[in-house]
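Reader: Hi! I'm in my first year and still learning to read protein models. Could you take one part of this one and walk me through it slowly?

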Amino acid sequence: MERWGADLYGDPCDGCGYRWSLTPHEAIRVLEGLPDRFRELLEGCTGDERHPDLAWGPVEYVCHVTDNLRIWAEGLAGARLSGEVHVPGYDPDLLAQARRYHRIAPAAALWSLERAATAWADSVTAALADGVVLQHAARGAQRAEDVARNNPHDAYHHAWDIERIIASAR
């Protein structure tokens, strides 16, 4: 099993400062506030900004967060609605290439993120109530509580990445 969560990133996260001790419902609230944060960060961005240590630009990170939220929301919904608890991993770089993240307009990426965040919050809330446990191909058992903390970290961490990109571009 791959290391994940606080075991991999530290508590708080060594990079972004995310606190893994949040309750699942606190983590959901963090995630629900992140579309506004991303909108603020991307204000005035062209999407072409880069940081020398990061592979993606700001819009690509927004698209990744969006897709990650959708993938996990679908996995939780699948378990809750049909009993299918096995979820595969995915290669985020291949998904970025297939979806052409670099060609998506910042406004469109933010529009999509808002919808994905709402759907994710609804799916996680329902999965928490039902006690869903997924079986992830690389991480093993992922309780709804784990997903409720892991996905907001991914988004929060990538907001920090965008902050770094913007600071580097100035």
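Author: Happy to! Let's start with one idea: a helix axis here is a line fitted to the C-alpha atoms over the stretch in contact, and the angle between two axes runs from 0 to 180 degrees between N-to-C directions. Keep in mind that this is a predicted model.

Now find helix α3, residues 58-82, and helix α6, residues 144-169. They pack at an angle of about 175°, and their axes are 9 Å apart. Since angles over 145 degrees count as roughly antiparallel, α3 is therefore roughly antiparallel to α6.

Which residues of α3 and α6 meet? On the α3 side, look for Pro58, Tyr61, Val62, His64, Val65, Asn68, Leu69, Trp72 and Leu76. Their counterparts in α6 are Ala144, Val147, Asn151, Asp154, Ala155, His158, Asp161, Ile162 and Ile165. Sorted by class, the residues of this contact between α3 and α6 are twelve nonpolar, four polar and two charged.

Next, turn to the sheet. Three strands form an open sheet in the order β1-β2-β3, with mixed pairing. Its edge strands, each pairing on one side only, are β1 (86-87) and β3 (140-143). β1 and β2 (residues 133-136) run parallel and are joined by two bridges; in one pairing, His86 has Gln135 of β2 as its bridge partner. Both helices come back here: α3 packs on the sheet and touches β1, β2 and β3, its direction making about 120° with that of β2. α6 also packs on the sheet, touching β2 and β3, and its direction makes about 80° with that of β3.

What about the other pair of strands? β2 and β3 pair in the antiparallel sense over four bridges, and His136 stands opposite Gly140 in β3. These two strands form a hairpin, with three residues between them.

Finally, let's visit the largest pocket, whose volume is about 610 Å³. How many residues line the largest pocket? There are 27, and those nearest its centre are Trp4, His64, Asn68, Tyr90 and Arg139. You have met two of these names already: His64 and Asn68 are among the α3 residues in the contact with α6. α3, α4 (92-99) and α6 each supply at least two residues of the lining, and α3 gives the most, with seven. By class, the lining has twelve nonpolar, ten polar and five charged residues.

Note on methods:
Residues are numbered from 1 along each chain as its sequence is written. This is a predicted model: local features need pLDDT of at least 70, side-chain atom pairs count only at pLDDT 80 or more; totals for chains, interfaces and linings use all residues. Side-chain values use heavy atoms; hydrogens and water are left out. Angles under 35 degrees count as roughly parallel, over 145 as roughly antiparallel, 65 to 115 as roughly perpendicular and the rest as oblique. Contact means heavy atoms within 4.5 Å. Ala, Val, Leu, Ile, Met, Phe, Trp, Tyr, Cys and Pro count as nonpolar, Asp, Glu, Lys and Arg as charged, and the others, Gly among them, as polar. On a 1 Å grid over the protein atoms alone, a cavity is a set of points where a 1.4 Å probe fits but cannot get out, and a pocket is an open set with protein on both sides within 12 Å along at least five of seven lines; lining residues have an atom within 4 Å of a point. Grid points are joined across faces, edges and corners, and a volume is the space filled by probe spheres set on the points. Two strands pair if DSSP finds at least two bridges between them.
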